[in-house]
2 protein chains.
Amino acid sequence: MSDAAHTAMWERLDLDIEAHDALLAVLGKFYGDIYLAQEGRLKGAEYLDFVLSEVHGLRIKELQEAKAAGKKIVGTFCVFVPEELTLAAGAVQVGLCAGAKAGTEQAETLVPRSTCDLIKSFIGFKLARLCPYTESCDLIVGETTCDGKKKAYEAFGRLAPMHVMEVPQCKAPCDHALFRAEIVRYKEALEQLTGKAITAQSLAEATKTVNAKRRALGRLAALRAADPAPISGRDALLVNQISFYDDPVRFTAKINELCDEIEGRIAKGEGVAPAKTPRLLLAGCPMAVPNWKLPYLIESSGAVIVGEESCIGERNTRDLTDETPGDLEAMLDALCARYMKIDCACFTPNDERLEHIAAMAKRLGADGVIHYGLLFCQPYAHEAIKVGKAMERAGIPYLSIETDYGLEDAGQLKTRVEAFVETLS
Amino acid sequence: MSDAAHTAMWERLDLDIEAHDALLAVLGKFYGDIYLAQEGRLKGAEYLDFVLSEVHGLRIKELQEAKAAGKKIVGTFCVFVPEELTLAAGAVQVGLCAGAKAGTEQAETLVPRSTCDLIKSFIGFKLARLCPYTESCDLIVGETTCDGKKKAYEAFGRLAPMHVMEVPQCKAPCDHALFRAEIVRYKEALEQLTGKAITAQSLAEATKTVNAKRRALGRLAALRAADPAPISGRDALLVNQISFYDDPVRFTAKINELCDEIEGRIAKGEGVAPAKTPRLLLAGCPMAVPNWKLPYLIESSGAVIVGEESCIGERNTRDLTDETPGDLEAMLDALCARYMKIDCACFTPNDERLEHIAAMAKRLGADGVIHYGLLFCQPYAHEAIKVGKAMERAGIPYLSIETDYGLEDAGQLKTRVEAFVETLS
């Protein structure tokens, strides 16, 4: 796809071409430094590099072609939006740009300054006309997982067509009933959007597609227990990030190929870092593209990341949706049951998350846990304290970091991470 | 009650006597400056002064006597806890200390620094052993109205016997069903605590008691439409604050007496401030005792506050519970319906709050609206922006202030408030 064709497409989407060009230039530089400069990368990483190089290009072209063929595009910010339903309605689901500073000043006219960068980012990308995904969407689906997003969607809903799903805050029967009703309401919104009824057959097929994606990501996650680590944390994070916007069938095939390659590497005892390199589990807030700051700092401090305990990681992939029910109502029950298992900090008390982190650390042979909190994210800030206490009880070294999308604190963070890694060697 | 008897009681409650004495001394000084120094106060304010002077004394003694007689004490932080049920179970409901800085450093070991002062305060009061109310409680009832409180209760629940009610985030039928289930769960918790079944009769009586309190507060709120303002905003706020912990029957009688006096004052054309004094509506976050900083700054800047659009104000008193149902199930339905009307910022979209503010400003003849946001309170920070836009549309002058319990910004705030008031004259 030529540069001119790209630009013409972005103009049709009413992007701010000049600012968007500048954004892509920064992204390219950033990607080069953080990704392409890595040594001993897998051959399968070529897929990741290609997807990233065309993240606002070919994939957007595919979305335009899907739209021309009558398909609808649904944008999301959160793992609570059931992709099974979106696919069953014949729509395409994509994650939306929220991992970089963009349009911050404009965003702060709609949300308080004490709002996390992820929220400011998706609003800023919209107001500054920088996200071709947002501009391609026929519907954007929000959820009530935190005060910040819940209230930000009220403002965002004036800028784009929105549907907000309510996610309950506990896991009692009345909460399951509420989320079951919200699943039905989302199904109806999709049916209205697409003009297509979701049937037991279409939902069964979609569930298989989404589960296959989760299985591929789960396979990758399991392989990372190998020592030496067969893939960098950066690349594994990128795989999880890409899972939110590439075509799910293509993505699943590519990640399974990548896993085949990794198995070969493991069989030969090869890895991306020497044996005895301190192994870290990264836990906490989601890291949307291109929020690679902390993983890069960690992996350039003599450690390797072996797992992501986050929404862009195992929180999104550990649970499969039951494929056995044959009738639609039972399938919707299964969907509800699957999503209500998520150990998001939006739930109280959410003790299962502490168990998951300890179990992941053990399974992956992690020498320590770093908790990443996004500044002003209150739910994960609270849990960072609880995770710290749980890790202390389990005898697992722990570092809690709070930061945002700025690079001003990079030096200070690196010092803290290096000091932590040193204690693990 | 003698000083020695007070101290002996506080020792039995295991308070930190020295720190508590210091706290009361500061509170007394603060009260003297902000309340007793006012001119033209109502005679009925003697009740307020007496209650405040004995806030940790006689009222606590009453609670101890109630406990000795077998009654249970239930502490709350939020207007979503149905006092009707608490009273119907023969228990006493009190609001808990959360309006002053106390034990902040200790609180910050359990909750993030980026937590609002109200939450840090109730945790700090507990950890520093400074609140005789908290120490008198047999049960403390939290709710999930914001991320900060929802997650803070997880830590607080390790320090005190807790029951957390889930408050939904929308107002659809599934949300009403959820809160209806939570009302039943609270009813059962109370029955287990007190060993006493809640009956249609006891609930009907309790509903009458609570409605009578709301009517008295509603009567006071309505009288404040008079010009000149017949009562200071400080005193009216104090009335609302005291409504959370004094005996409801005594309180109702005293406030109705106060209203009688106010009616006399209005008939004579008298008030606390000269006619033409700029009249302000205060909207936003709740102000727990002794959080009087902003009202004091406003009323010492040449304005008078004529209404409180907050949980310690009309948000808590405007809706009555329907007294007509005769059977228990229908009464619980009525409770649910009443509490689900609350226009808390925890709901999305909560547009009814904007309508309420505009209607209050009109009814009370307010010349402007000041929005008070507590630093790190995200729901009200988001709504402050929306309220500002709504006031602009309605042509009502508006000032949004964000502050905390510290006094460091008092000078700066006073300058801003004075400048705002000047534009209204």
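Colleague: How many residue pairs are in polar contact across the interface of chain B and chain A?

Modeller: In this predicted model, the rule finds 25 residue pairs in polar contact across the interface of chain B and chain A, both residues being at pLDDT 80 or more. On the side of chain B that touches chain A, α9 (147–156), α10 (173–194) and α18 (378–394) each supply at least two residues. The largest share, eight residues, comes from α18(B). By residue class, this side of chain B divides into 19 nonpolar, 10 polar and 10 charged.

Colleague: How many salt bridges are counted between chain B and chain A?

Modeller: The count is four salt bridges. One salt bridge joins the side chains of Glu383(A) and Lys151(B), with an N to O distance of 2.6 Å.

Colleague: How should one read the size of such an interface, and what area do chain B and chain A bury between them?

Modeller: The size of an interface is often expressed as the accessible area that is lost when the parts come together. Here chain B and chain A bury about 3,400 Å² between them, with 51% of that area on carbon and sulfur atoms. Of the area that chain B buries against chain A, 20% is supplied by Lys151(B), Gln169(B) and His382(B), more than by any other three residues. The contact takes 39 residues from chain A and 39 residues from chain B.

Colleague: Turning to the cysteines, how many disulfides are there over all chains?

Modeller: By the rule applied, the count is zero disulfides over all chains. Cys311(B), for instance, is in no disulfide: the nearest cysteine sulfur, that of Cys344(B), is 5.8 Å away, whereas a disulfide requires sulfur atoms within 2.5 Å.

Colleague: Is Cys311(B) buried or exposed?

Modeller: Cys311(B) counts as buried because its relative accessibility is 12%, and the cut-off for buried is under 20%. Cys259(B) is also buried, with a relative accessible area of 0%.

Colleague: Which helix of chain A holds Glu135(A), and which residues does Glu135(A) touch beyond those up to four places away in sequence?

Modeller: Glu135(A) lies in helix α8 of chain A, residues 132–136. With residues up to four places away in sequence left out, Glu135(A) touches Leu13(A), Leu15(A) and Lys126(A). The side chains of Glu135(A) and Lys126(A) are joined by a polar contact of 3.2 Å.

Colleague: Why does Glu135(A) count as partly exposed?

Modeller: Glu135(A) counts as partly exposed because its relative accessibility is 22%, and the partly exposed class lies between the cut-offs of 20% and 50%. As for position, Glu135(A) and Ala5(A) are 130 residues apart in sequence and 17 Å apart in space, C-alpha to C-alpha.

Terms used: Residues numbered from 1 in each chain as written. Chains lettered and ligands numbered in written order. Predicted model: local features only at pLDDT ≥ 70, side-chain atom pairs only at ≥ 80, totals over all residues. Heavy atoms only, no water. Contact = heavy atoms within 4.5 Å. Buried area = accessible area lost by both parts, 1.4 Å probe. Polar contact = N/O pair within 3.5 Å; in protein donor to acceptor, adjacent residues only side chain to side chain. Helix = DSSP H or I, 4+ residues; strand = E, 2+ residues; numbered from the N terminus. Nonpolar A, V, L, I, M, F, W, Y, C, P; charged D, E, K, R; others polar. Buried < 20%, exposed > 50% of the residue type's maximum accessible area, 1.4 Å probe, protein only.
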